[in-house]
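I opened a structure I had not looked at before and kept short notes. The entries follow in the order I made them.

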Amino acid sequence: MGSPVPGAEGTPLAAASSTSPGLRPPTRRSTELFMLAFAAMLVTGALILVEANQEQELSLRILWLGLAYLGLLTVAHLAVRKWAPYADPVIMPCVALLNGLGLVMIHRIDLAMADVKLPGDRVWSAAAPKQVLWTAIALVLFCTVLKVLSDHRTLARYGYTFGLLGLVALVLPGVLPGFIAPEINGAKIWLSFGAFSIQPGEFAKILLMVFFAAFLVSKRDLFTIAGRRVLGLDLPRARDLGPLIAAWAVGVSIMVLQKDLGSSLLFFGIVLVLLYVATERAVWVVLGVMMFCVGAFVAWKLFTHVQVRVQNWLDPFADPSGAGYQIVQSLFGLGTGSMFGAGLGGGRPDQIPEANTDFITAVIGEELGFVGLAAVLMIYMVFAMRGLRGALAVRDTFGKLLGGGLAFAVAFQIFIVVGGVTKLIPMTGITAPFLSYGGSSLLANYILVALLLRISDAARAPKSTPKPRPQQPAIADQFTVMVERPK
């Protein structure tokens with residue numbers, strides 16, 4: 001068995017967190033309100049710069065977008081203040097700033113695309129107002145989760161149900177016909193119902209994290225028992241490899257059926273991290289990485305679409321106007337941005353395909369430069385660290401695993417997105433959390449934030465002490481009462 005997990009029940013950290021809750025709820029929420037106001041100032045200033053540089057004038061769109069953003073922040077703050085008063089005061093401001101910067105860049109792309117001639121004489125439909133609407137719907141779900149889910153441990157009771165739903169949602173686009181699950185940009189990850197479309201994989205990652213956290217809590221002993229020792233590694237027993245093999249099979253099937261390397265890598269990475277956190281054995285990570293590499297190599301040998309992705313990664317300039325066009329334009333944009341960027345409104349995002357979804361980080365790199373992109377990544381890092389801090393401090397094992405998995409998922413997802421845009425790894429089809437345009441991503445990630453805040457609130461809330469029972473006198477001190485039998 002490994003050393004006790006810091007913050008587990010019975011350790012000094014748990015005792016300290018239960019007896020010293022730190023800042024009182026009003027102080028925490030005041031800190032959160034101050035940081036939200038600062039985020040609103042930054043977003044409003046960025047909107048003004050975009051309009052001034054692009055249109056050479058200020059329009060009423062700034063007022064509408066700014067007031068809508070401020071109103072949504074107010075609703076989020078009030079919801080946290082009412083239903084999670086002890087939650088971490090830094091998580092929500094990080095989310096608000098990322099969401100606001102994404103809104104700024106989407107609005108900037110709308111301005112750039114307004115004068116672009118689209119095929120078939122189509123007119124560019126502004127995405128910024130739609131993003132505000134999706135944010136409002138996401139905040140309704142956010143508030144609903146905070147209100148309904150008063151204790152995160154309730155989710156553990158339905159772990160297997162969530163696991164089944166998540167598995168179905170994950171593989172469904174790959175097995176349905178094309179008129180329901182169309183192939184968009186080379187990947188089958190969408191379900192289309194007329195004008196409405198949804199990406200079920202965004203919700204599947206949360207459902208599957210709940211399942212794996214509940215499963216590992218109940219079956220932890222199976223994964224901590226060592227089998228044979230090979231090359232200095234204590235390998236797990238063969239009969240205990242079932243969940244890892246199942247996760248590997250699902251990951252490879254996503255890569256093959258949906259042609260989506262990003263979702264496959266994200267899903268399998270989350271499983272490996274949860275296994276490592278639950279068992280503290282690095283051998284699970286080593287085995288998982290080896291299995292994923294073997295599966296990816298076989299898929300590369302057998303399937304043409306995987307070969308095209310790898311070829312575009314290795315040498316995108318071999319076909320700069322065809323298959324490698326996206327990554328080539330992304331690299332040119334990042335090169336143009338250099339260290340400090342071309343300035344908000346000074347770039348050419350209209351030259352990058354899918355600029356407001358898959359490649360929004362390339363637009364940020366072009367207009368804000370390496371420094372601006374690094375600052376955005378720092379916000380993600382702070383968000384992940386605060387989420388992990390809450391997971392570390394919570395008293396129950398299920399909360400530790402779920403909170404750690406949720407925080408890691410956001411950090412790993414942005415790594416996959418930026419890695420694909422910068423040609424560090426093959427290009428993927430997933431979007432940057434809170435930044436990219438898209439309803440499915442916003443809805444799922446705001447649910448994720450609500451769960452993190454619920455876990456953080458449970459970790460920071462003062463431990464309730466039971467009311468003392470009235471002291472009963474000792475038997476030796478009680479009087480003897482003579483009871484006379486009735487005649």
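Entry one. I began with Glu367, which is buried, with a relative accessible area of 1%. The model is a predicted one, and I read each value with that in mind.

Entry two. I looked up what the side chain of Glu367 meets and found Arg108, in a salt bridge of 2.3 Å, N to O. The pair links distant parts of the chain: Arg108 sits in helix α4 and Glu367 in helix α14, 259 residues apart. Arg108 is also buried, and its relative accessible area is 1%.

Entry three. Next I checked helix α14 itself, residues 360-393. Its 34 residues would reach 50 Å as a straight helix, but I found the end C-alpha atoms only 34 Å apart. Where does α14 bend? I located a bend of about 125° at Gly369.

Entry four. I then looked at what touches that residue. Ser338, in the loop between α13 (325-337) and α14, touches Gly369 and Phe370, leaving aside residues up to four places away in sequence. I also took the C-alpha distance from Ser338 to Gly365: 7.9 Å, with their positions 27 residues apart in sequence.

Entry five. I searched the whole structure for salt bridges and got seven. One of them joins the side chains of Asp88 and Arg460 at 3.4 Å, N to O. Asp88 lies in the loop between α3 (60-83) and α4 (91-113) and Arg460 in helix α16 (residues 439-460), so this pair ties together parts 372 residues apart in sequence. I noted both Asp88 and Arg460 as buried.

Entry six. Within α16 I found Asp457 and Arg454 three residues apart, about one turn of the helix. Their side chains meet in a salt bridge of 3.2 Å, N to O. Are these two buried or exposed? Asp457 is buried, and so is Arg454. Salt bridges with shared partners also join Asp88, Arg386 and Arg460 into one network.

Entry seven. I turned to the surface. Val294, Phe297, Val298, Trp300 and Leu302 make a nonpolar patch of about 480 Å². I placed Val298 in helix α11, residues 283-302. Val298 counts as partly exposed because its relative accessibility is 39%.

Entry eight. Last, I took the totals. The protein has 16 helices and four strands. Of its 487 residues, 49% count as buried. It exposes about 23800 Å², with carbon and sulfur atoms supplying 68% of that. Among contacts between residues at least 6 apart in sequence, 75% join residues at least 24 apart.

Methods:
Residues numbered from 1 in each chain as written. Predicted model: local features only at pLDDT ≥ 70, side-chain atom pairs only at ≥ 80, totals over all residues. Heavy atoms only, no water. Helix = DSSP H or I, 4+ residues; strand = E, 2+ residues; numbered from the N terminus. Expected span 1.5 Å × (residues − 1). Bend = angle between axes of the 7 residues up to and from the residue. Patch = residues over 30% accessible without salt bridge, like charges linked within 9 Å, V, L, I, M, F, W, Y side chains within 5 Å. Areas by Shrake-Rupley, 256 points an atom, 1.4 Å probe, with all protein chains shown as cover. Salt bridge = Lys/Arg side-chain N within 4 Å of Asp/Glu carboxyl O. Buried < 20%, exposed > 50% of the residue type's maximum accessible area, 1.4 Å probe, protein only. Contact = heavy atoms within 4.5 Å.
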